[in-house]
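Got a fold in front of you and wondering where the labels come from? Let's go through some of them one at a time.

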Amino acid sequence: MDRLTVTKESFRQAIFENIKNLFRTTIDDVTEQQLFQAVAYSVRDIIVDEWIATHRTYEAEDAKVVYYMSMEFLMGRAMGNNIINLCCDKIVREVLDELGFDLNLIEDQEPDAGLGNGGLGRLAACFLDSLASLEYPAYGCGIRYRYGIFEQKIIDGYQVEKPDEWLKNGNPFEIRRPEYSVEVKFGGNVRMAKTENGRERFVQENYQSVMAVPYDVPIVGYNNSTVNTLRLWDAEAVHSFDLEMFDRGEYNRAREAQNLARTIVEVLYPNDNHVQGKELRLKQQYFFISATLQTAINKFKKNNSDFQELPNKVTFHINDTHPSLAVPELMRILVDEEGLEWAEAWGIVTRTCAYTNHTIMSEALEKWPIEIFSRLLPRIYQIVEEINRRFCAQIIDKFGDDSNLLRRMAIVADGQVRMAHLAIVGSYSVNGVARLHTEILKNEALKDFYAMYPNKFNNKTNGITQRRFLLHGNPKLAEWITNKIGDEWVTNLPHLKNLMQFVDDEKALKDFRQIKYQNKERLAKYIKEHNNIDVDPRSIFDVQVKRLHEYKRQLMLALYIMHLYNCLRDNPHLDIMPRTFILGAKAAPGYHRAKKIIKLINSIGDVVNNDPNINNKLKVVFIENYNVSNAEIIFAAADVSEQISTASKEASGTGNMKFMLNGAMTLGTMDGANIEIVEEAGAENAIIFGMGSDEVIKLQHEGSYDPWEIYNNNQEIRRVVMQLINGFYSPDNPELFREIYDSLLNGGGEPADQYFILKDLPSYIEAQAKVDKEFRNAAEWAKKTLINTANAGKFSSDRTIEEYAKEIWNLKKVKVRIPGEQ
């Protein structure tokens, strides 16, 4: 059974067989979870033959493959996406309808895979979808986290982290591949030894090691026969159980090795506010990088004996700084295990690795203390030191002996190993993820490296997969679009441009508005079920959902809500459009201020939502445990897309693209991909406010900004800021939000209001007034938002991947051959 031969009868029979064989029961007695598992395994049955055929085709053609290495893959649920890409949605839905079940409810039994957190991971997931749909050979490579980052609970307004037990019932789409297990070594010491031919080589000894065991997950291409692989590495002990210790009664120590291995793969981004957390993060990174490279090299050697061919057969793509250890690990394999000389090995490495930078934020450009790095990875540290020594010699050759420049650019300096510098030096390509971001990298953040390697730097503006975020996430709008212009947009998103013929069509605009209203009703139902808050679908759904960081300025939206509520308290009859503010965000467990901002948002909601005097003109909703699945519902329902980061700080953003695609108006700064969205949709079809990146950078360089000037001269803003410390939103503890107040006015280890929230707030208030005014004209609002959808074509991850494949990876498409097909 594959996607071409599956029938209603064969799929029905597969469900019955899986119910019987997996659970020893029948369709009459099956539970909802058992039914999900049976349907999921039946879908996997359709996939497997093509999955095998895909990799046999790649091997037969000795095709070049990209290994896309990322700490995160925010995949969402797999079953619905697989059904859509297999183009068997109609068959599956009809079979389940006839059996008396709703596919949407069955999908709800699947947890979101706990493999990512924010935009970095979701981008990686979109890229995998596009790679398979465009028929490019690729592996995604990451870690099989047992408990994800965390499941967010909101208790008394506070974020509380619980283990994300997404694997509790197993993952029906994964297949364990122990035959590809490899050993990964940590610690110990390195000694010099001589080989039989007298060559010196380095040997690591007295180390601890774990076995990296791969679990493969299929990545199904849309309406083709390509099934690529997401390879997730689990950690197991080399010797998992010490029977001698157990027999002596030392039961805990008997499993010590297995417990140490499990720690590596327990959670994504363990809290690194302490030494143990830093060690664990570094272990995680080396663990999956070493495992990936070892297996990739073993695979390469099956068909090739000349390592000079490696760059023609493989690209190791470093997605942000986390996988930067690919550079020294590949050197270790080539020099220590394969016996290549340094110069030859370095020439291969620097033609095989490519790096994407995702941020200019200094804290995200990872730096590891030498003490930890050298102790955990002694041989890798030796290699990094040698890379650094040779690189510094190149700097001196090119720019002269400038000690300040050397200190700025060195890979090892000030007691740290700088991972971004390592990735840049060891890669043949360095790309940013939006045009503005790339220019800031070249002219500000990485300008020294751009001067050194101008030909390495390039831009690849991010994209999203329309198959997940429109075809699956917004089926009503997807069907309407297909009825209007055909379904070519599913694989060629610029085809949406054909919707422009309907922007003055009254009937089309009315239908477009009605679909938005139905999606708002769906979200309102979700909010009632999960938050027990009644929201009006006729109100403006004003949405900000993304990872919580101060530069993303969830705090600015909170301050605006406080301001608007003050206006309503002063005048309950104030003529405003009813507004529902919907926020969702996870804060890193160790990011105290971000967690306090979540508490503030919920405290504002507690006050606003329970005030009968404002006549339901204002509601505040915080979506608990924001993830891909509830994001699909949110994007489809949003009227306003809050993209309000401090200009120059957001590399790209992809939520902005998802909102645009689903017909929301961008309210934002000229930051990241917002600039390109405005270019595509037209400035009149977005609402832009605040400082631009040049002004922000200038103020940062000058250090001339004083938030007290705004506080002292703007009564409305002063009133809002004072409410942070006068107990208005925390009557039992007026000092609860003192830290937020201090961050705006006093700093405290960093510049006061370092993300220019108060500076941009007056402009933001004016922009929000424009939202209110424009939303009142329903037909004109519909026209503007339809223009956004029609012009979202640039922002498909298919376009982005085509650029990577042609301009960085030099990949060629491979048509998968299915045995027995003509």
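Q: What stands opposite L667 in strand 23?
A: I687 does. This is a predicted model, by the way. The strands behind that match are strand 22 and strand 23, which run parallel and share two bridges.

Q: What makes strand 22 and strand 23 count as a pair?
A: The cut-off is at least two bridges between two strands. Strand 22 and strand 23 have two bridges, so they qualify as a pair.

Q: Which sheet do they sit in, and which strands are at its edges?
A: It's an open sheet of six strands in the order 20-19-18-21-22-23, with parallel pairing. Strand 20 (618–623) and strand 23 are the edge strands, as each pairs on one side only.

Q: Which helices lie across strand 18 and strand 20 of that sheet?
A: Helix 23 (residues 554–570) lies across strand 18, strand 19, strand 20 and strand 21, at about 155° to strand 19. Helix 25 (residues 628–637) lies across strand 18 and strand 20, and runs at about 140° to strand 18.

Q: What makes helix 27 "mostly covered"?
A: Buried means under 20% relative accessible area, and six of the eight residues of helix 27 (residues 674–681) are buried. Those are N674, I675, E676, I677, V678 and A681. The cover includes strand 21, strand 22 and strand 23, along with helix 18, helix 26 and helix 33. Right after helix 27 comes G682, with a positive phi near 100°.

Q: Why are helix 32 and helix 33 called roughly perpendicular?
A: Helix 32 (residues 757–775) and helix 33 (residues 778–790) pack at about 110°, with axes 7 Å apart. The roughly perpendicular range is 65 to 115 degrees, so this pair falls inside it. V771, E774 and F775 of helix 32 meet A778, W781 and K784 of helix 33. That contact breaks down into four nonpolar residues, two charged and no polar ones.

Q: Is D448 buried or exposed, and how do you know?
A: Buried: its relative accessibility is 18%, and the limit is under 20%. D448 is in helix 19 (residues 447–452).

Q: What makes the D448 and R408 side chains a polar contact?
A: Their distance is 2.8 Å, and the cut-off is within 3.5 Å for a suitable pair of N or O atoms. Leaving out residues up to four places away in sequence, D448 touches L405, R408 and M409.

Q: How do you know that both faces of strand 12 are covered?
A: C353 and Y355 on one side of strand 12 (residues 353–356), and A354 and T356 on the other, are all buried. Strand 12 also has parallel partners: strand 11 over four bridges and strand 16 over three. Y355 is the bridge partner of I318 and stands opposite V430 in strand 16.

Q: Why do strand 13 and strand 14 count as edges?
A: Their open sheet has three strands in the order 13-15-14, paired antiparallel. Strand 13 (367–369) and strand 14 (412–413) each have a single partner strand, so one side of each has no neighbour in the sheet. Three bridges join strand 13 to strand 15, and P369 has Q416 as its bridge partner. Helix 17 (residues 419–426) packs on this sheet, touching strand 13 and strand 15, at about 45° to the direction of strand 15.

Methods
Residues numbered from 1 in each chain as written. Predicted model: local features only at pLDDT ≥ 70, side-chain atom pairs only at ≥ 80, totals over all residues. Heavy atoms only, no water. Axes fitted to C-alpha atoms, helices over the stretch in contact; angles between N-to-C directions. Parallel < 35°, antiparallel > 145°, perpendicular 65-115°, else oblique. Contact = heavy atoms within 4.5 Å. Nonpolar A, V, L, I, M, F, W, Y, C, P; charged D, E, K, R; others polar. Buried < 20%, exposed > 50% of the residue type's maximum accessible area, 1.4 Å probe, protein only. Polar contact = N/O pair within 3.5 Å; in protein donor to acceptor, adjacent residues only side chain to side chain.
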